[in-house]
Every structure is written in structure tokens, then in C-alpha cells.
2 protein chains.
Amino acid sequence: MGLLGAIEAGGTKFVVAVADENYNVVERTSFPTLDGEKTLDQVIAFFDKFEDIDAIGIAAFGPIDIVVGSQTYGYVLDTPKRGWSGYDFLGRMKAWRDIPFFWTTDVNGAGWAEFETGAAKDVQNMVYLTVGTGIGAGIVSNGHLLSGYGHPEAGHIFLQKHPEDNYAGHCPFHGDNCLEGLAAGPAIEERWGVSAKEIPDDDIAWKIEAYYIAQAALDYTMILRPEKIILGGGVPHRDILFPLIRESFSEQMSDYLEVPDLEEYIVPVANGDNAGILGCFYLAKTLL
Amino acid sequence: MGLLGAIEAGGTKFVVAVADENYNVVERTSFPTLDGEKTLDQVIAFFDKFEDIDAIGIAAFGPIDIVVGSQTYGYVLDTPKRGWSGYDFLGRMKAWRDIPFFWTTDVNGAGWAEFETGAAKDVQNMVYLTVGTGIGAGIVSNGHLLSGYGHPEAGHIFLQKHPEDNYAGHCPFHGDNCLEGLAAGPAIEERWGVSAKEIPDDDIAWKIEAYYIAQAALDYTMILRPEKIILGGGVPHRDILFPLIRESFSEQMSDYLEVPDLEEYIVPVANGDNAGILGCFYLAKTLL
């Protein structure tokens, strides 16, 4: 077998890497995200050095078109990021070299790593929720990445507001109606006027944050019945959140549904910062 | 090929039927739901008349255990319905005759009929939502009924309250927090103090009802990205609801996500009252 390739295509930074069949990284580099064409020039310059790449996994910032058969399959869709709206990301890669590519979202990439070898490695149904600059989810149902008319946008479900929260919300589309508008990193900082890092563990800020994440977890539970809900991204680095989320989840659920033990149900990521690249390798391997 | 069997096991009424391989009904009957043991006596007395049944589809009121490998797989779980909590429904049927049974929820049965030959026959991803005495969903993702740690309970997602609604809610677990507590048939009647049938089309009652169903449809859309959302059950018999739901969905979505044309996206059932039994036959056939 030859090498596996990985492209973790973030809105701020691209990471590219190649690994052998056992996922040992042969070479890895990263660079700031420019416009589509210029960034892909660098991606291709990196992979050009390797003749024997069997497949590449691409986990891209979105929204992207992942509907097989769609006219714009493989494109980046409307995005405020300059030089990316309507860019044919996958087409450029296919024109470069005729090998299999796994094309999916950044959260699906990281989520798949958690599913294969991370916190969800023993289950078939999971939600990987990343809470950072934005909020998104990679969902695995019965062992497969869930998608339909497009990829999930589970950060934009509507939530009830916490009674002690007067913040106007951060989502340009949904204001304070949706999870992302209420609970993403920028919402925390704008609501309290300080960096999240400066907010102490016992501040009500974390109770409110936990309330929103717990309510979203409840909705995912009702609809998807996952066996695990895994929280990644920058915000869950605050450890105090996990007990607060579990407590709020339990209160809001009111014993309605049987779920796994909450200590095992709502958990942090296991793969850490490496999840994105690792997920790309695993997804590339599924193509062989 | 022999015959197919169907058991539409409702909390109020059981319908049982047999059909030939082309789904032509050979015999069909119904009777009121008694306790588990007595009701199943009647079910078995009905099917005993047919020697050559190849498989039976069972679509049962819930909650039920549909997790293959679970110790209580095939059981009815905790329910206020007398004589059913912990009843081994599937076990009783298997003890009666050693043929394949498809064991699922009532909404999955009716939803599967919509998926096979109804409003969702041309898509692979759909939500069938029934709004009646309760609210439940059958979800098909990538051509398969979605389940995980259990079956979906999508009627219990949390919703924002309509600003003009002061109703305290009907859900014994979640009060006015969840879709079922706010929008099921009994909630409409309790809120307005009259039968839903007596509420005229231009009453604000229907705007409020549409707002809740639309918000739920928005959450299902964000998480599942279905190609169709199909509304069944008694409440959507009021035709005025469909334009109101589509309008409210569009307002709440605020152009965030591309969805199919709303006239084709949020639609009524196509199979009518026959969907439950039809779905059981189709599901039975998948076992052969």
C-alpha cells in the first residue's frame, strides 16, 4: 500500500499531511488560509512531493456541497470568507491527480476520528459537537456519517433562552435564537466583555453556557438517540463545563428518556488537536 | 410466496391484517386495546387462521425497546397504559410462531409507508411527523430507519415559546418546554377551551400551532437535513396549517440554509389512514 493524504481545511489555517498505512505521519505542514486558488496552490505543492498517495481525506470549513450528484458537488458554498464562495475545491484536487478523495466537513473529519479511535470508538451512534468560534456537529448514525440534502448545521437549532441571560446573540442569521448565537466562543466574550479565559469557574457565565449546551444535547438526544455526545473545540477546554452540562441535561430531561450514564454520555474528545488530520487519514482509508 | 402480516398496535386500537405479496389485503380486523396479554390473545387468534404467513411487521405504540441485543428487546417499556409496562410483546409473538418479525414503533410503521410509496417515495432522507394526541417522528436517513440507543422521541425537543402564547403546556415531563406539550391535539384544546374542530381557519390558534411545528421542522432540518418533512396525524388535517407552517419556517430560517422548495418540502401524508398497516406489510417484506 502507498501513502494516505490529509487536508484539514480550516477557515484560518490549512494543515496538510501524509502518513503510511499505519497512520504514522511522514510529513506535515500548515499555512494560513488565503483565497481558494492560492491556498490550493500550496496544498498541491505539498502533495506533489509524494508520488505514491493512494487516497486523500479532505475535511473542509463550510458550508460545502457534499451531495453526490449535485452540480456543485465538491464546491465551497456561500461563505463570507473571501475568495472561497463557489470555489471548486474538490475539482481542483481531482484535476491535479486522479486518485480517490473523501470530501467532507471539518467537523465530520474530527468527529470521524473520535468515532474510529476516540471517545466513541465503542459505539455506532454519536454526535461530535465542536464549540469554538462557531458551533457544528459531525453525526454518526449506525456507523455512517449522517447527511441528506446537505451536511448537518446542528449549531443552528433554536433554543430557549436562560432566564438570567439578556445577551442579544451573536448569530448574523438567528441572533439569540440559535445555539451558535448564544453559546459559541465569541458570544461568551461579547456577553461578558472579557475573554473566556478570564471568567472564573464559579461565574454564572459557565452555568448559562452549560444550560445551552445541555439543551442542545437534549434535542440531539430526542432526535438521534446517540450513544455518546462528544464535546470538542476551544470552549469545552474549561473542565468545569462537563459536570455543569450533565447536571443541566438531567434537570431539563426530567427523567423522560433513558440515556447512558451521564459520565459516559457527555464526554470530552479523546484525540485532542490531532483529531482533524487523523479523521482525514481514516476517511481516506475507507476509500481503499 | 406466502402471506404478509401486519400489526398496527395503537394505544387505543389494534389493527391486524394479512395480505398477499402484492399487498392486496386478504383479511383485516380491529379491536380495542386491552392489557398486553388479552390483546395479544386476540392478535394470535386472528393470525392462527393463516398457515402460510412468511413474516409479520409490528408497529407498536411506545416507548418500546427496539435495540437489538438489549435484554428487553421486543418489550413495551414504562408506559401509563395499564397492563403494558414491561410486557414482552415480541416474545409472545415469537413463542406463537417461529417466523421473522419486524419490530418497530407506530410512527416508524406509518413513516415507512410514506417512504416506500407515499410522499417521500422519491427521496432517501425524510422525517415523518405525526401530530395528534401525542407527537412523534419516524426518521429515514440514507434509506434506513434511524435509531440508536432507542427510537427517536422527536416530539419532545425543546422550543421557544410564541410571544402571544401563555398556555402552561401539556407534557407531564416538560410542561410548556417541548413540542408535544405545546402543539399536540390536547394542548390545542386545553389552551383554547374548545375542540380544535371548532377553531376557525383565521384564528391565531393556527398561527401559534404553525409557529411551533415550523420551529420543530427547522431543528429537524438543521440536524438531519431531510429532503422531505411529512406531517401526519389528526392536527394536520386542517389544510390552513401547511401555508402557515411554510411561512413561519421561512421566517425563522432567515435564509440560512438551502432547503427544497417549501411546497415540496413540508407536505401532508399521501397514504392517509392506511399508512400504518401498509408500512407493516412493507417492513415485513424487507425481511424476506
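In the predicted model, chain B and chain A bury about 3500 Å² between them, and 60% of this area lies on carbon and sulfur atoms. On the side of chain B, the residues that lose the most area to chain A are B:Y149, B:F158 and B:I223, which together account for 23% of what that side buries. In terms of contacts, 40 residues of chain B touch 40 residues of chain A. The count of salt bridges between chain B and chain A is zero, whereas 22 residue pairs are in polar contact, both residues being at pLDDT 80 or more. Three elements of chain B give two or more residues to the side that touches chain A, namely β7 (135-141), α6 and α7 (241-253). Of these, α6(B) supplies the largest share, seven residues.

Salt bridges were also counted over the whole structure, with a total of 18 over all chains. In chain A, A:R92 forms a salt bridge with A:D41, the closest N and O atoms lying 2.7 Å apart. This pair links distant parts of the chain, since A:R92 is in helix α2 and A:D41 in helix α1 (residues 36-47) of chain A, 51 residues apart. Both partners are partly exposed: the relative accessible area is 22% for A:R92 and 38% for A:D41. A:E37 joins A:D41 and A:R92 in a network of salt bridges.

A corresponding entry for chain B is the salt bridge in which the side chains of B:D41 and B:R92 meet, with an N to O distance of 2.7 Å. B:D41 lies in helix α1 (residues 36-47) and B:R92 in helix α2 of chain B, so the pair ties together parts that are 51 residues apart in sequence. B:D41 counts as partly exposed at 39% relative accessibility, and B:R92 counts as partly exposed at 22%.

Another salt bridge in chain A is formed by A:E263 and A:R246, with the closest N and O atoms 3.7 Å apart. Here A:E263 is in helix α8 (residues 262-265) and A:R246 in helix α7 (residues 241-253) of chain A, 17 residues apart, and the pair again links distant parts of the chain. A:R246 has a relative accessible area of 13% and is therefore buried, the cut-off for this class being under 20%.

The strands at the start of chain B were examined next. Strand β1 (residues 3-9) and β2(B) pair in the antiparallel sense over six bridges, and B:G5 stands opposite B:V18 in β2(B). The two strands form a hairpin with three residues between them. β2(B) also runs antiparallel to strand β3 (residues 25-32) of chain B, to which seven bridges join it. In this second pairing, B:A19 stands opposite B:V25 in β3(B). Strand β2 (residues 13-19) of chain B is mostly covered, with six of its seven residues buried.

Helix α5 (residues 185-192) of chain B has four buried residues: B:G185, B:A187, B:I188 and B:R191. Seen down the axis of α5(B), these buried residues fall within an arc of 165 degrees, so they line one face of the helix. The elements that cover them include α4 (179-183) and α6 (204-224) of chain B. α6(B) thus appears both in this cover and in the side of chain B that touches chain A. Just after α5(B), B:G193 takes a positive phi of about 70 degrees.

Backbone geometry was considered last. Most residues other than glycine have a negative phi, and most peptide bonds are trans. A:Y23 has a positive phi of about 70 degrees although it is not a glycine. A:Y23 is placed in the loop between β2 (13-19) and β3 (25-32) of chain A and is partly exposed, with a relative accessible area of 27%. In chain B, B:Y23 takes a positive phi near 70 degrees in the hairpin of β2(B) and β3(B), which has five residues between the strands. B:S254, likewise not a glycine, has a positive phi of about 50 degrees. B:S254 is found in the loop between α7 and α8 (262-265) of chain B, and with a relative accessible area of 30% B:S254 is partly exposed.

A cis peptide bond joins A:G62 and A:P63, with omega about 0 degrees; A:P63 is in the loop between β4 (53-60) and α2 (89-96) of chain A. In chain B, a cis peptide bond with omega about 0 degrees joins B:G62 and B:P63, and B:P63 lies in the loop between β4 (53-60) and α2 (89-96) of that chain.

Note on methods: Residues numbered from 1 in each chain as written. Chains lettered and ligands numbered in written order. Heavy atoms only, no water. Buried < 20%, exposed > 50% of the residue type's maximum accessible area, 1.4 Å probe, protein only. Pairing = 2+ DSSP bridges. Arc of directions from axis to C-beta. Contact = heavy atoms within 4.5 Å. Buried area = accessible area lost by both parts, 1.4 Å probe. Salt bridge = Lys/Arg side-chain N within 4 Å of Asp/Glu carboxyl O. Polar contact = N/O pair within 3.5 Å; in protein donor to acceptor, adjacent residues only side chain to side chain.
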